[in-house]
Amino acid sequence: MVLGAALLTSTARADLRPDPVPGGVAEIHVAAAGNPRPEVRFDGRPVLLRQRADGWHAVIGLPLDTPVGEQSIQIGPEGASRPLGFVVGPKAYPEQRLTIKNPKMVTPPADELARIAEERERQLAIRSRFRDVPVSRVDLDLPADGRLSSRFGLRRIFNGEPRAPHTGLDVAVPTGTPIRAPADGVVSLVDDLYFNGKTVFVDHGQGFVSMVCHLDKARVEVGQKVARGERLGDAGSSGRATGPHLHWSVYLNGAAVDPALFIAPPKAR
């Protein structure tokens with residue numbers, strides 16, 4: 001029997017706004033204060049655990065293709081775990097149509113397909129790592145000051161052709177704008193990728209990962225420790241981009257989730 005669990009939204013940190021929908025984040029109380037840190041998995045993957053005044057909370061990334069309805073996490077060691085249920089609500093993401101000047105960025109030539117596949121697998125491995133270190137904060141800083149120009153989850157159509165949803169948050173900034181680490185972490189990938197262009201991944205710990213891409217220049221190296229606010233690179237328009245901007249993705253337990261849930265809401269104009 002799957003047990004019920006209250007999703008903690010009103011008591012979460014001000015800059016983390018859990019939203020249990022596809023592409024969102026669920027935060028669930030999993031152990032009382034004074035208990036040792038439990039083992040918690042979702043869909044077979046370990047999830048981030050944070051310690052708060054009332055005990056341990058699991059912070060769970062929900063992939064965009066998560067079915068709506070009841071889901072469950074597993075608490076305890078494999079083979080001796082118990083399920084704890086929670087409900088995933090519906091979310092409708094709008095459509096976005098974009099014109100890309102370089103047709104090779106919409107339909108890549110055959111001789112680039114092997115490169116694209118290798119890059120996809122490498123990024124999946126990087127964003128799925130679970131570096132078991134304490135994570136004291138789960139709020140993030142926006143990596144660049146600018147207008148939020150393209151939201152997470154948009155159903156994208158490039159030059160009239162449907163493509164994968166937008167798995168990040170775009171910030172409209174000119175070339176050369178400093179791009180800064182949204183939280184403390186370790187640089188886990190620096191590369192120039194076919195679609196993403198110049199890209200930096202930062203591992204914040206426990207499967208909590210940020211990626212910034214379309215950079216003009218990266219200013220860090222793999223293995224480098226970075227502090228919140230430290231410069232990762234400069235904004236640009238490398239890769240598949242309609243112009244200079246920052247693309248920022250956030251991953252939890254391997255799932256791309258809405259970065260806007262981790263930052264302070266934009267002020268009303």
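This report covers the nonpolar cores and two residues with positive phi in a predicted model.

Local features need pLDDT of at least 70, side-chain atom pairs count only at pLDDT 80 or more, and totals for chains, interfaces and linings use all residues. Residues are numbered from 1 along each chain as its sequence is written, and side-chain values use heavy atoms, leaving out hydrogens and water.

A nonpolar core here is a set of buried Ala, Val, Leu, Ile, Met, Phe, Trp, Tyr and Cys residues joined through side-chain atoms within 4.5 Å. Buried means under 20% relative accessible area, exposed over 50%, and partly exposed in between, with a 1.4 Å probe and protein chains only.

The largest such core has 33 residues, and the most contacts inside it belong to Leu140, Phe208, Val212, Leu246, Trp248, Leu252 and Phe262. Two or more residues each come from β12 (169-172), β15 (197-205), β16 (208-218), β18 (231-235), β19 (246-252) and β20 (255-257). Strands (E, at least two residues) and helices (H or I, at least four) are DSSP runs numbered from the N terminus. β19 gives the largest share, four residues. Another core, of 17 residues, lies apart from this one and includes Ile28, Val30, Ile60 and Leu62.

Leu140 has contacts (heavy atoms within 4.5 Å). Not counting residues up to four places away in sequence, Leu140 touches Pro182, Ala183, His204, Phe208, Ser210, Arg228, Trp248, Val250, Phe262 and Ile263.

Two residues have a positive phi although neither is a glycine.

| Residue | Phi | Location | Relative accessibility |
|---|---|---|---|
| His214 | about 65° | strand β16 | 6%, buried |
| Asn253 | about 40° | loop between β19 and β20 | 8%, buried |
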